[in-house]
Amino acid sequence: MANFQKLTPRSEDYSKWYNELVVKADLAEQSAVRGCMVIKPYGYAIWETIQSELDRRFKEQGVKNAYFPLLIPKSFLSREAEHVEGFAKECAVVTHHRLMNDPNGKGVVVDPNARLEEELIIRPTSETIIWSTYKNWISSYRDLPILCNQWCNVMRWEMRTRLFLRTAEFLWQEGHTAHATKEEAEEYARKMLDVYADFAEKVMAIPVIKGVKSPNERFAGALNTYCIEAMMQDGKALQAGTSHFLGQNFAKSFEVQFLSKENKYEYVWATSWGVSTRLMGALIMTHSDDNGLVLPPALAPIQVVIVPIFKKEDDLALLLDKLNPIADNLKRMGIRVQIDASDKSTPGFKFADYEMKGVPVRLAMGGRDLQNGTIEIARRDTMTKETIAIDGIEATIKNLLDEIQVNCYNKAMTYRTANIRECDSYEEFKQEIQKGGFLLCHWDGTPETEEKIKEETKATIRCIPLEALPGYKEEPGKCMVTGKPSPRRVVFAIAY
RNA sequence: CGGGAAGUAGUUCAGUCCGGUAGAAUGCCUGGUUUGGGACCAGGUGGUCGCAGGUUCGAAUCCUGUCUUCCCGACCA
């Protein structure tokens, strides 16, 4: 049974409660392996929903799933490095292929004779192996576009790790597409950004800002990096997804050419895009409160939990006569419902437990309700409850789930709106940015200015918004640092 | 790799300054009473005090070394 030392998620040490909440809500735990995590069944159920919802949207865009090897020969990365500055170097490297019994005693040791001629890298991302493969798939314009995605794990030897937000190994999807024209590739990168934004807002109930990264923050090798940026409850920014327009860089590194209609060799144009288990971190840090996790219904593994309140087995049987048909009806409506008739814990314990797990709707029925033909219905997002007639409860629940979904989004949006403000003086900026939230400021467009701001305040340009934020106009002005002209305001924040 | 903090029961921690039988809460097990918001009573279970040396009649406690974890930087989705 779960351990209940009371949660205090909103305590000042936000970073501490985050880990605590993850563990206590039964989502994940630190693994014995350095920097890795175990995703527990309840947490994984959320990830599965994220996967299936995204996958459906990808397929609407013509994407097909594929799978590429975990291990990448070191030479593949060298090839990329010649063309691309600053790719990830914090990697796990496979050097041997055999173990043997320790000749001096216990356990096993690496067989020194089993050294690999060429080291293999555990993928930090799959660009290199995928483009080496694409080379063989592409010869004519008729082979294009190629729209592949893979769901997999990747590994980066991060120095500091944190459950869901930054683990050494994490789960993600990475899409890699090849196109015949620049325009088509650019459009596709934009389209996938829209898919992510739609998913974040409709399913995860997380409002995001769609934007483009400044050159400093751009993915190595990309001509353009699009992103969605979300605001966490402590006012810090979290990048929730990215979509890159890669130009012809990878095609040139890996010699991927096709013969065009005009019978000329041309390099293909590429995009890549990805989201990771980091989305679960965004979910937790956007919606959770002092009572634990709050899940938008679209992602909740259990959307409705039903708790019968009883003293004796006979009482339970009577309650179940009423409750089972309700559960069956809800299931038929596609609602994920669970009856907890266990006598191992008290109703109060169950209430608190399901609240911590973020179950959106709870029904409770006892002897009193049985007599009156009523049932208690409680919602997690507002922590309110009422007793209503049992007739027609199914429709009420369906509506309530929809309402909770919208309310989660609105709540997050209200918070975000309250924590976005314009700022025109750099002196003021230095003060304001420490309070958290997003600051909309004019910037002269130079990496030097951005670097200066980062050094002095830790704040970075999260993105240059693609469209004006609600309630704001897009208008030119002067850089808050240098006074040089600026075409529009950009989003500054301190980020995770 | 720099700067801080911490390793003691399944979990959260006290005890360390000032060496002298290993503690609390919670969890877990048993029995009973309970059950409409994290139940109560009684009994029980559970620890080579991170590891290795040293000092001492005696070390969780003092000394030396070492490993690990967490937080703040650098790195990053």
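In what order do the 11 strands of the open sheet stand, and is the pairing mixed? The order is S3-S9-S10-S16-S13-S12-S11-S24-S27-S23-S22, and the pairing is mixed. Here strands (E, at least two residues) and helices (H or I, at least four) are DSSP runs numbered from the N terminus, and two strands pair if DSSP finds at least two bridges between them. The edge strands, each of which pairs on one side only, are S3 and S22 (420–422).

This is a predicted model, in which local features need pLDDT of at least 70 and side-chain atom pairs count only at pLDDT 80 or more, while totals for chains, interfaces and linings use all residues. Residues are numbered from 1 along each chain as its sequence is written, and chains are lettered from A and ligands numbered from 1 in the order in which they are written.

## Strand pairing in the sheet

At the S3 edge, strand S3 (residues 64–65) runs parallel to S9 (residues 146–155), and 2 bridges join them. The table sets out this pair beside three antiparallel ones.

| Strand pair | Sense | Bridges |
|---|---|---|
| S3 (64–65) and S9 (146–155) | parallel | 2 bridges |
| S9 and S10 (169–179) | antiparallel | 10 bridges |
| S11 and S24 (460–465) | antiparallel | 2 bridges |
| S24 and S27 (489–493) | antiparallel | 3 bridges |

Individual residues show how these strands are aligned. Asn65 has Asn149 as its bridge partner in S9, and Asn149 in turn stands opposite Gly175 in S10. Further along S9, Cys152 has Trp172 of S10 as its bridge partner. Elsewhere in the sheet, Gly211 is matched with Pro465 in S24, and the bridge partner of Ile461 in S27 is Phe492.

Asn153 also belongs to strand S9. Asn153 counts as partly exposed because 14 other C-beta atoms lie within 10 Å; by this scheme a residue is buried if 20 or more other C-beta atoms lie within 10 Å of its own, exposed if 12 or fewer, and partly exposed in between, with C-beta atoms placed from the backbone. Leaving aside neighbours within four places in sequence, Asn153 is in contact with Glu169, Phe170 and Leu171, where a contact requires that the two C-beta atoms, placed from the backbone, lie within 7 Å. Ala251, which is 98 residues from Asn153 in sequence, lies 24 Å from Asn153 in space, C-alpha to C-alpha.

## Domains and core

Chain A is divided into domain 1 (14–70 + 124–287), domain 2 (302–402) and domain 3 (420–493), with bounds that come from an automatic or database domain assignment. The C-alpha centres of domain 1 and domain 3 lie 26 Å apart, and the contact between these two domains takes 16 residues from domain 1 and 17 residues from domain 3. On the domain 1 side, the elements that give two or more residues are S11 (209–212) and S12 (224–231), and the largest share, 4 residues, comes from S11. The residues of that side divide into 6 nonpolar, 4 polar and 6 charged; Ala, Val, Leu, Ile, Met, Phe, Trp, Tyr, Cys and Pro count as nonpolar, Asp, Glu, Lys and Arg as charged, and the others, Gly among them, as polar.

The largest nonpolar core, a set of buried Ala, Val, Leu, Ile, Met, Phe, Trp, Tyr and Cys residues joined through C-beta atoms within 7 Å, has 121 residues, and those with the most contacts inside it are Ala200, Ile228, Ala230, Ala240 and Phe492. Helix H5 (residues 182–202) provides the largest share of this core, 10 residues. Not counting residues up to four places away in sequence, Ile228 touches, among others, Leu193, Tyr196, Ala197, Ala200 and Ala240.

## Helix H11 and backbone features

Helix H11 (residues 393–418) has 26 residues and reaches 36 Å from its first C-alpha to its last, close to the 38 Å expected at 1.5 Å a residue, a span taken as 1.5 Å times one less than the number of residues. The buried residues of H11 include Ile397, Leu400, Gln405 and Arg416.

The peptide bond from Leu144 to Pro145 is cis, with omega near -5°, and Pro145 is found in the loop between helix H4 (127–137) and S9. Asp26, in the loop between H1 (14–24) and S1 (28–30), has a positive phi of about 70° although it is not a glycine. Glu255, in the loop between H6 (249–253) and S14 (257–259), likewise has a positive phi, of about 55°, without being a glycine. Asp26 is partly exposed, since 16 other C-beta atoms lie within 10 Å, whereas Glu255 is exposed, with 11.
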